[in-house]
Amino acid sequence: MALLRLPFKPGVDKQNTEYGVEGGWVDSDYIRFRYGLPEKLGGWTDFGETVVNFVGLISDIFAWNGLDGEPYAAVGTNRKVYAFYGGTWADITPIRDTGPVTFTTVSGSTTVTVNDTAHGAIAGDFVTISATTGNPGGIPNASLNNEFEIQSVPNANTYTILSPVAATSLATAVGTATATYQLNIGSEISFVDFGWGTGTWGLSTWGTPRPPSAVTSLFARVWQFDAYGEDLILQLVNGGVYKWLPSTGLSVRAAVIAGAPTKSKYALISTPDRHLVCFGTETTLSSPSTQDPMFVRFSAQENIGDFVATATNTAGGQRLTDGNQILSALRSRGQILIWTDTSLHGQQYLGPPYTFGFQQLGANCGTIGPHAAADVNGVAYWMSREAFFMFDGTVKKLACTVQDYVFGDINIVQSTSVNVGINTQFNEVTWFYATLDSDYIDRFVTYNYLENVWSIGTMARTAWADANTFKKPLASEYSPSDTASTISTIYGLTAGRSQLYNQEDGVDANGDAIDAFVYSGYFDIGDGDQMLLMQKFIPDFKRQVGNITVQLRLRAYAQATAVPSSLDPYVIAPNTEFVSTRARGRQIQLRIESDEVNSFWRFGTMRVDIRPDGNR
């Protein structure tokens, strides 16, 4: 019998049944579709010559060039902020307070109580002790002149740290030192609780469940970065806005922008007019209690510390109306796009006396989180709570062949952590999100905007920056149990590390094999009650390196359990010309998989020797 060519449509389709997707693909992992064909994703390697473990979960990566053209990078975690220049990383986490302290020790214990009235610290915060005197409790001064993670906070005036050496005597409030406190840490995941322990203090009586309406929400810490010239703008989502000056060097930390709002949902620099725009911010400056989640405030032009509107500057503000809170914003073609939880707005520079004009661009199309929207050449793409959208002058819902798969298994509680990555080399926008079984990002969905196809997988990246400043895209991965050493010595440091990778670098997972696969829908020989017999297939792979496994799954009916072909699996080497099979059934599914180091492949077409067969 003549060989039959099996054509496959590009993209993964999970909206239909596996039989309904005949001639298409129903599942994949570590696969992209390019020029209509599936191929293995590129691999990744450690960023930089030295492996760096970052404390906490990275929520944003930002890369930019200084005025001298040199590359910089910054990453923000729920616990710290780091900057990169000249092959070196440094901790630039802002300092919130500095003050004198004394120490209380117990003989034989490494736990040291630090005494500081109204210290404002919480467990997990970082404090650097310096200028220690008196060898408190027999601990050498040099042992206490270090950075520590605060272990516990018994009360508002004391907290504990772990000394590198044990005390040799009991001492109470002895010695002197200076404590420098970094910005309070944030949570790595979000929490929403009902009932016990929720609501405001005194809402109910001890031992009584709180009313169902009492809700406590704690959102994961998220950073958002932008550049003001060569200076780095750091917006702590739902917090303050800071600035780091590369000209001062890596030894100088980021500092709060004096005069800027102290609590905002988002911030960025407008171009070309260069205003600092804060979204979901205060109606009264320096008053966090006046935060209006729908209020937009912008600084004077070329003065990002001046937000007080006068007759002689361009500072001002505007409240948006459709939505409950502003969640995100992006610079796009000719305007700033502003997303609330339910709508899309545009902000355009008009010049004096109004500075900016605002208009609503869409309704019922809000974004799911602060990092869930991306702009590619003036076209915006974003994830909402129930669908994907784009804006190219008009808001449009994207037809998504994996929509039910994604939104039927997304952890909405962790929506703040959803992170989008642009990979312009392959015309891709990828959203990384947490599934219902996880509090951490564990899955991705990719849209190829040039070919209008979707793919899915399990690569977990908490943040992403496209290739531009650096040759490869940068992406981060988080392990909550990792206790690896970090760039500086921190005593008492608990688990939770992030790694930064060069994506699309090689074909392996930082030296390990990538298990990549793609499964087709079931196909048959034609309509009607016919069995088929596949006797041979001719593989067709481009740029194949290493062996590939091909499996055939057979079933008699759509609801029947699939079984493998009797000769499964078929190992396809780069020089395999054809494969003899004994595949018999009404419906056949093709599975292609590879899990070898240094392997790569791109599927072409498949030709099969297939014919009708009897029922017995």
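Two strands count as paired if DSSP finds at least two bridges between them. In this predicted model, four strands meet that description in an open sheet ordered E24-E25-E26-E27, with antiparallel pairing, and in E25 the bridge partner of alanine 267 is cysteine 278. The points below take up that sheet and the loop between E24 and E25, then the pockets, the cysteines, and some loop residues elsewhere in the chain.

**The four-stranded sheet**
- The sheet runs in the order E24-E25-E26-E27, and its edges are strand E24, residues 266-269, and strand E27, residues 316-319, each of which pairs on one side only.
- From one strand to the next, the twist averages 15°.
- Strand E25, which spans residues 276-279, runs antiparallel to E24 and is joined to E24 by four bridges.

**The loop between E24 and E25**
- Proline 272 is placed in the loop between E24 and E25, and the peptide bond that leads to proline 272 from threonine 271 is cis, with omega near 5°.
- Arginine 274 lies in the loop between E24 and E25 as well, and has a positive phi, near 60°, although this residue is not a glycine.
- With a relative accessible area of 26%, arginine 274 is partly exposed, because that class lies between the limits of 20% and 50%.
- Most residues other than glycine have a negative phi, and most peptide bonds are trans.

**Pockets**
- The largest pocket holds about 1,000 Å³ of space, and among the 35 residues that line this pocket, Phe62, Leu330, Arg331, Asp375 and Ile422 lie nearest its centre.
- Elements that give two or more residues to the lining of the largest pocket include the edge strand E24, strand E7 (58-65), strand E28 (326-332) and strand E36 (419-423).
- By residue class, the lining of the largest pocket divides into 20 nonpolar, nine polar and six charged residues.
- The second largest pocket holds about 700 Å³ of space and is lined by 28 residues, of which Phe219, Ala220, Asn238, Lys265 and Thr416 lie nearest its centre.
- Strand E19 (215-218) and strand E28 each supply at least two residues to the lining of the second largest pocket, which divides into 14 nonpolar, nine polar and five charged residues.

**Cysteines**
- The structure holds zero disulfides.
- The closest cysteine sulfur to that of cysteine 400 belongs to cysteine 365 and is 17 Å away, which is too far for a bond, because a disulfide requires the two sulfur atoms to be within 2.5 Å.
- Cysteine 400 counts as buried at 8% relative accessibility, and cysteine 278, the bridge partner of alanine 267, is buried with a relative accessible area of 0%.

**Loop residues elsewhere**
- Asparagine 510 is found in the loop between strand E43 (497-503) and strand E44 (516-520), where its phi is near 55°, a positive value in a residue other than glycine, and at 32% relative accessibility asparagine 510 counts as partly exposed.
- Aspartate 540 is placed in the loop between strand E45 (531-538) and strand E46 (541-545) and counts as partly exposed at 33% relative accessibility.
- The C-alpha atom of aspartate 540 is separated by 9.9 Å from that of tryptophan 601, although these residues are 61 residues apart along the chain.
- Aspartate 568 and proline 569 are joined by a cis peptide bond with omega about -10°, and proline 569 is found in the loop between strand E48 (563-564) and strand E49 (570-572).

Methods
Residues numbered from 1 in each chain as written. Predicted model: local features only at pLDDT ≥ 70, side-chain atom pairs only at ≥ 80, totals over all residues. Heavy atoms only, no water. Axes fitted to C-alpha atoms, helices over the stretch in contact; angles between N-to-C directions. 1 Å grid on protein atoms, 1.4 Å probe; cavity = no way out; pocket = protein on both sides within 12 Å on 5 of 7 lines; lining within 4 Å. Points joined across faces, edges and corners; volume = space filled by probe spheres on them. Nonpolar A, V, L, I, M, F, W, Y, C, P; charged D, E, K, R; others polar. Buried < 20%, exposed > 50% of the residue type's maximum accessible area, 1.4 Å probe, protein only.
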